[in-house]
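Student: I would like to learn how to read a model of this kind. Could we go through the main features one at a time?

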Amino acid sequence: MKICVVGAGYVGLTTSAVLADLGHQVTCVDLDQKKIRMLRDGKTPIYEEGLAELIETVTRSGKLLFSSDTASGIEDHPVILIAVGTPPQKDGSTNLAAVANVIEMIADHAHTHKTVITKSTVPPGTNEWIGRVLSDKGLPPENFDVVSNPEFLKEGTAVHDSFHPHRIVIGAKRKEAFQLVRSLYQKIKAPVIETNLAGAELIKYASNAFLAAKISFINEISRICDVYGADIKDVQRGLAEDPRIGPHFLRAGLGFGGSCFPKDLSALVHAAMDKGLTPSLLQAVSDVNETQTDFYLNKLEQNLNDLKGKQITVWGITFKPGTDDLRCSQSVKLINKLISKGSVIHTYDPVAKIESERVASHDDLYDSVKNSDALIIATEWPEFQAPDWERIKRSMNGTLLLDGRNFVDPESIRAHGLHYLEVARR
Ligand code: UGA
């Protein structure tokens, strides 16, 4: 099948490469000419495991092309897959400007039948609106189909997740549109869920909201464990043994970040409120996450007496390990709060750096702790699990270790003479 993917971000690039590998003829278009030049030169603009290699294979076989000519991409391909950004606005609603631009271009350049597939995460009602806009702009209804086909990949494992999805969700109106999208993925083994447009949009939001809720749930329980002297890891294990609960997404810590959970949660809250509903549970999920860094900060403050003038080292600044993405990182949020309290911040991260005069970024883990009063593990990168703790203790001015991800073993930390600052750990 001939597919034009609009947008060369995480989702667009991965989807383009995967669809090309599945045998389709794909052209990935993006307005950013620099990005397209880079891709044509064989360079991948983002770090994602296995993606550069896959792009190289499918571009060499001629199955994947890159272009900055969106109009021709739309004219020449019967299937248009939208994978542009849908960033949040200040009030929590979704900025659909990029999607609206693509729809405008489709209306102007669709001379034959187009199946318009939305992969970008868009609020409920958006795909209906897309159909209305295309009609209003004069496209006859028999000349297009609008399909919602949300994406469930995780950053860091995007390629693997795309080849092995837990489900394929298709929201559409006509039998032919369902069939076309099924056939795109026919080589992939996964249950297919067919529903209407809003159903598909809501499966995406409900999935992310549910996962975010699990994290806020365990974080709230961890606060209760902390005051009653229970170890959250034991509680987590006890929960996980019940098959109705299961072990996943129950790791307590600093809370969730990234470009999806915080944004999608507020978009869903906004969408519910737009229709006069009060989504109390969803709001509570956000509230717990918003205050989780304060919970850790208070612990540190109590133990250091005053944060002003204290040198604090933070290990891990990305929103999770395995990515260079800093968007909505809880670590960055914590660092900003520490700065506002007058602390002097040093950081080390295996792949990312904070561009700020107020933060000293180090290339070496051991350099980062020299003369520090406290060390915080904010992201669970594997190299933070068992470094040379003796050397770290000798370098530091203080002995405090705050484990923001319950990642290291408290006993072994204490054995090295460091003070493991417990947050629901024993
Ligand atoms: C998330 C979803 O997991 C994907 O299924 C979805 O497709 C994607 O959003 C999206 O909507 O595009 P992602 O943002 O890449 O994927 O990251 P996750 O691995 O889900 O982690 C999100 C955050 O939750 C991270 O900050 C992580 O540290 C935190 N987390 C995760 C916890 O604090 N505890 C856990 O037990 C799990």
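The dialogue below takes up the ligand site, burial, a surface patch and salt bridges.

Tutor: Keep in mind throughout that this is a predicted model.

Student: Let us begin with the ligand. How many residues surround the ligand, and which are the closest?

Tutor: The idea is to list residues with a heavy atom within 4 Å of the ligand. Here 20 residues surround the ligand, and the closest are Leu153, Glu155, Lys204, Asn208 and Phe319.

Student: What is the make-up of the shell around the ligand: how many residues are nonpolar, polar and charged?

Tutor: The shell holds nine nonpolar residues, three polar ones and eight charged ones.

Student: Which residues place an N or O atom by an oxygen atom of the ligand?

Tutor: Among them are two lysines and a glycine. The side chain of lysine 204 has an N or O atom 2.7 Å from a ligand oxygen, and for the side chain of lysine 320 the distance is 2.9 Å. Glycine 257 uses a backbone N or O atom instead, at 3.0 Å from an oxygen of the ligand.

Student: How much of the ligand does the protein bury?

Tutor: The ligand alone exposes 710 Å², and 93% of that is buried by the protein. Two elements give two or more residues each to the shell, namely α9 (197–228) and α11 (261–274). Of the elements, α9 gives the most, with three residues.

Student: How do I decide whether a residue is buried or exposed?

Tutor: Relative accessible area under 20% is called buried, and over 50% exposed; values in between are partly exposed. Serine 259, in the loop between α10 (232–240) and α11, counts as buried because its relative accessibility is 15%. The side chain of serine 259 also makes a polar contact of 3.5 Å with the side chain of glutamate 155. Tyrosine 10 in helix α1 (residues 10–21) is buried as well, at 14% relative accessibility. The C-alpha atoms of tyrosine 10 and alanine 83 are 8.8 Å apart, although 73 residues separate the two along the chain.

Student: And which residues make a nonpolar surface patch?

Tutor: Ile224, Val227 and Tyr228 make one of about 380 Å². Valine 227 belongs to helix α9 and counts as exposed because its relative accessibility is 63%.

Student: Why can charged side chains pair?

Tutor: Side chains of opposite charge can pair when their charged atoms come close. The count in this model is 24 salt bridges.

Student: Where do arginine 60 and glutamate 56 sit relative to each other?

Tutor: They are four residues apart in helix α3 (residues 51–60), so about one helical turn separates them. Their side chains form a salt bridge with an N to O distance of 2.8 Å. Arginine 60 is exposed at 63% relative accessibility, while glutamate 56 is partly exposed at 47%.

Student: Is aspartate 161, which pairs with lysine 154, buried or exposed?

Tutor: Aspartate 161 is buried, at 12% relative accessibility, whereas lysine 154 is partly exposed at 38%. The N to O distance of this salt bridge is 3.2 Å.

Student: What does the salt bridge between aspartate 363 and lysine 353 tie together?

Tutor: The closest N and O atoms of that pair are 2.5 Å apart. Aspartate 363 is in the loop between β11 (359–362) and α14 (365–368), and lysine 353 in the loop between β10 (344–348) and β11, so the pair ties together parts 10 residues apart in sequence. Elsewhere, salt bridges with shared partners join Asp145, Arg174 and Glu176 into one network.

Key
Residues are numbered from 1 along each chain as its sequence is written. This is a predicted model: local features need pLDDT of at least 70, side-chain atom pairs count only at pLDDT 80 or more; totals for chains, interfaces and linings use all residues. Side-chain values use heavy atoms; hydrogens and water are left out. A polar contact is a pair of N or O atoms within 3.5 Å; within protein, one must be able to donate a hydrogen and the other to accept it, and residues adjacent in sequence count only if both atoms are side-chain atoms. Accessible areas come from the Shrake-Rupley method with a 1.4 Å probe; for residues, only the protein chains shown count as cover. Ala, Val, Leu, Ile, Met, Phe, Trp, Tyr, Cys and Pro count as nonpolar, Asp, Glu, Lys and Arg as charged, and the others, Gly among them, as polar. Patches are made of residues with over 30% relative accessible area and no salt bridge: like charges are joined within 9 Å, nonpolar side chains (Val, Leu, Ile, Met, Phe, Trp, Tyr) within 5 Å. A salt bridge is a side-chain nitrogen of Lys or Arg within 4 Å of a carboxyl oxygen of Asp or Glu. Buried means under 20% relative accessible area, exposed over 50%, partly exposed in between (1.4 Å probe, protein chains only).
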